[in-house]
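Work through the exercises below with the structure open. Each one gives a task and then a solution in steps.

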Amino acid sequence: MTLLAPRTASVRTRPNPEIADWVDDIARLTTPDEVVWVDGSTAEWDRLTKEMVAQGTLIRLNPEWRPNSFLARSDPADVARVEDRTFICSVDPDDAGPTNNWRAPSIMRLELSELFSRSMRGRTMYVIPFSMGPVGGDLSQFGVQITDSPYVVASMALMTRVGDDALQAMTPGTPWVPALHSVGVPLIDDNGVRRDDTAWPHNETKYICHFPETREIWSFGSGYGGNALLGKKCFALRIASVMARDEGWMAEHMLIVRVTSPEKKVFHLAAAFPSACGKTNLAMLAPTIPGWKVETIGDDIAWMRPGPDGRLRAINPERGFFGVAPGTGPSTNPTATQTIWGNTIFTNVALRDDGDVWWEGLTDSPPAHATDWEGNDWTPASGTRAAHPNGRFTVTADQCPSIADEWNSPDGVVIDAILFGGRRPSTVPLVSQARSWQQGVFMGATMASETTAAATGEVGRLRHDPFAMLPFAGYNMADYFAHWIAMGELLGDKAPQIFSVNWFRTDADGRFIWPGFSENARVIEWIVGRLEGDLAARATPIGGLPLAHELNLEGLSVGVDEIQAIIDLDKPAWQREAAAIAEYFGTFDETRFPAELRRELDRLTRDLGPDVTPS
Ligand code: OXD
Ligand code: MN
């Protein structure tokens, strides 16, 4: 057994002693057969993918259709983020707050140490040095993930900047986040007997744990992306939100786009939506309205910090997209469809008989026969879904035809507007503009959305999802609200404008009223009109609403009455909403909850007037 001896010849850099010691400690704890330092090279990708194909973890797709691309089928019990197994292990339970699961760090550490003890027997332990954001950038951060899953290694290589550059930049004293992962299935048992591996090893016991004080991540038992690619939700949101609070910046569940108007003026928007609510589609929007251009900077996470000029600058800390496949097709997101032409890992989608992938929404008519995400024969008559609703594609951002040149800029881009959206069949209008930063924070704090398949549990249930961060804030949500208020004070009159959007209003028959997708460019046009001061807004208790004739509806087949209904204030619905918000605010600790948000609620309630709905 060669512990600590890097096998990959191209690793030139010796890890700094802190990293080497941590890797050494973890190797002693988990006792793998060997330790491999990951360099992110093509040779490494080729070797790993070949090994995974031989092992049955990956199926190589027909290279004529999808070169250098693979399909993984997870175990049906490991298909999504496990929010009920996700823990914030702060010393004081109040620092995790009412929206997080909490465990005492010392007790959790003991339990995890037992689970991780010898958990990698018979396996290779991979060490992945990585950077979130361009290596060495002012807004970037480093991490080192240890994992025993080659699927995770290949996915991390697509999603983050891995390898020697990152390792070299992590000189002694440079902060880095240790992120430990194991699927929790040793290949040698306690009697020393070796067993065969499975295509998708995972453990019934799952723990996704974050230690905010020591900025560490321990993830056990799952191979699914959001639980196992630790640079993403665990680091870039849960741990980074804590760093951001402490250091005066923001780590947000937001896409970033660069918008160019017909007058060639450039604007950058950041937008928060809960999981699987169309963030990737908006990030890659191909506008239907003439003269407008939208370019992609990020589709899931934004790190934002005031720049030297006092304006908020943002980077996308990721290097790739881990997008929801079902529903992605040439009519809904032609750009994503082109992005995944090759060099892509697909997970839990269907396999066509010609060796390409398929999922609901990829083509108008389904293939006559396919193999579904569980490996069963499938035909359109099967009455089941061919792809899991949370089936995914993993691909690097530089393959995206709409990627902006600035996506890789270490200095990021200046954010002109922030959008908050959710999946709301009623109440929340198509678009409204906050009159102030405080009202914008109120909009973010009171976001609610129907649950989706991105996490295990019930789908379609309306739940509060403040700032789309409910499963991702690494500390007390009331403190997180207060941090947003404080950031507004810091930014002052340089703060971006804030808007609320909702593409998901339905009519009495449950049909979407707004066409969505590419037509959302019309809402962006209105937002830019407001930023430029070219368009008016009706001041209402819920913010500035568009005048129907100032919304560009040319060529849309939606009736004027229907549009009017989704851009108006629905007063009785908002009176009920305000009452529900009061109840929701009551779930937070009074002493931590920002007074500004209570004042916003009082003002909303007062301005809406008395509830005259007959009971
Ligand atoms: C994601 C999520 O995978 O939000 O991006 O769940
Ligand atoms: Mn997300």
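**Exercise 1.** Find the distance between a polar side-chain atom of S275 and an oxygen atom of ligand 1.

*Solution.* The model is a predicted one.
Step 1. Select the polar side-chain atom of S275 and an oxygen atom of ligand 1; the two lie 2.5 Å apart.
Step 2. Compare this with the cut-off: a polar contact needs a pair of N or O atoms within 3.5 Å. The S275 pair, at 2.5 Å, therefore counts as a polar contact.
Step 3. Repeat for the arginines. R81 has a polar side-chain atom 2.9 Å from an oxygen atom of ligand 1. For R392, an N or O atom of the side chain is 2.9 Å from a ligand oxygen.
Step 4. Turn to the area. Ligand 1 on its own exposes 210 Å², and the protein buries 94% of that.

**Exercise 2.** List the residues that surround ligand 1 and sort this shell by class.

*Solution.*
Step 1. Ligand 1 has around it R81, K232, K233, H253, S275, D300, R392, A454 and F472.
Step 2. Assign classes: the shell holds five charged, two polar and two nonpolar residues.
Step 3. The charged residues are R81, K232, K233, D300 and R392. H253 and S275 are polar, while A454 and F472 are nonpolar.

**Exercise 3.** Where does ligand 1 sit, and which elements supply the lining there?

*Solution.*
Step 1. The site of ligand 1 is the largest pocket, with a volume of about 890 Å³.
Step 2. The lining of this pocket comprises 40 residues, and A276, C277, G278, N281 and R423 are the closest to the pocket centre.
Step 3. At least two lining residues come from each of α8 (231-247), α9 (279-283), β18 (320-324) and β24 (392-396). The most come from α9, which gives four.
Step 4. By class, the pocket lining has 18 nonpolar, 13 polar and nine charged residues.

**Exercise 4.** How many cavities of 30 Å³ or more does the whole structure have, and what lines them?

*Solution.*
Step 1. The search returns two cavities.
Step 2. The largest cavity encloses about 260 Å³. It is lined by 22 residues, of which V428, M443, T446, S500 and W574 are the closest to its centre.
Step 3. The elements that each supply at least two residues of this lining are β26 (417-421), α11 (437-445), β30 (497-501), α15 (571-585) and α16 (595-608). The class split is 13 nonpolar, six polar and three charged.
Step 4. The second largest cavity has about 40 Å³. Its lining consists of N281, M284, L285, A286, T332, N333, P334, F517 and S518, with five nonpolar, four polar and no charged residues.
Step 5. Cross-check the lists: N281 lines the second largest cavity and is also among the residues closest to the centre of the largest pocket.

Key
Residues numbered from 1 in each chain as written. Chains lettered and ligands numbered in written order. Predicted model: local features only at pLDDT ≥ 70, side-chain atom pairs only at ≥ 80, totals over all residues. Heavy atoms only, no water. Near = heavy atom within 4 Å. Polar contact = N/O pair within 3.5 Å; in protein donor to acceptor, adjacent residues only side chain to side chain. Areas by Shrake-Rupley, 256 points an atom, 1.4 Å probe, with all protein chains shown as cover. 1 Å grid on protein atoms, 1.4 Å probe; cavity = no way out; pocket = protein on both sides within 12 Å on 5 of 7 lines; lining within 4 Å. Sits in = over half its atoms within 2 Å of the grid points. Points joined across faces, edges and corners; volume = space filled by probe spheres on them.
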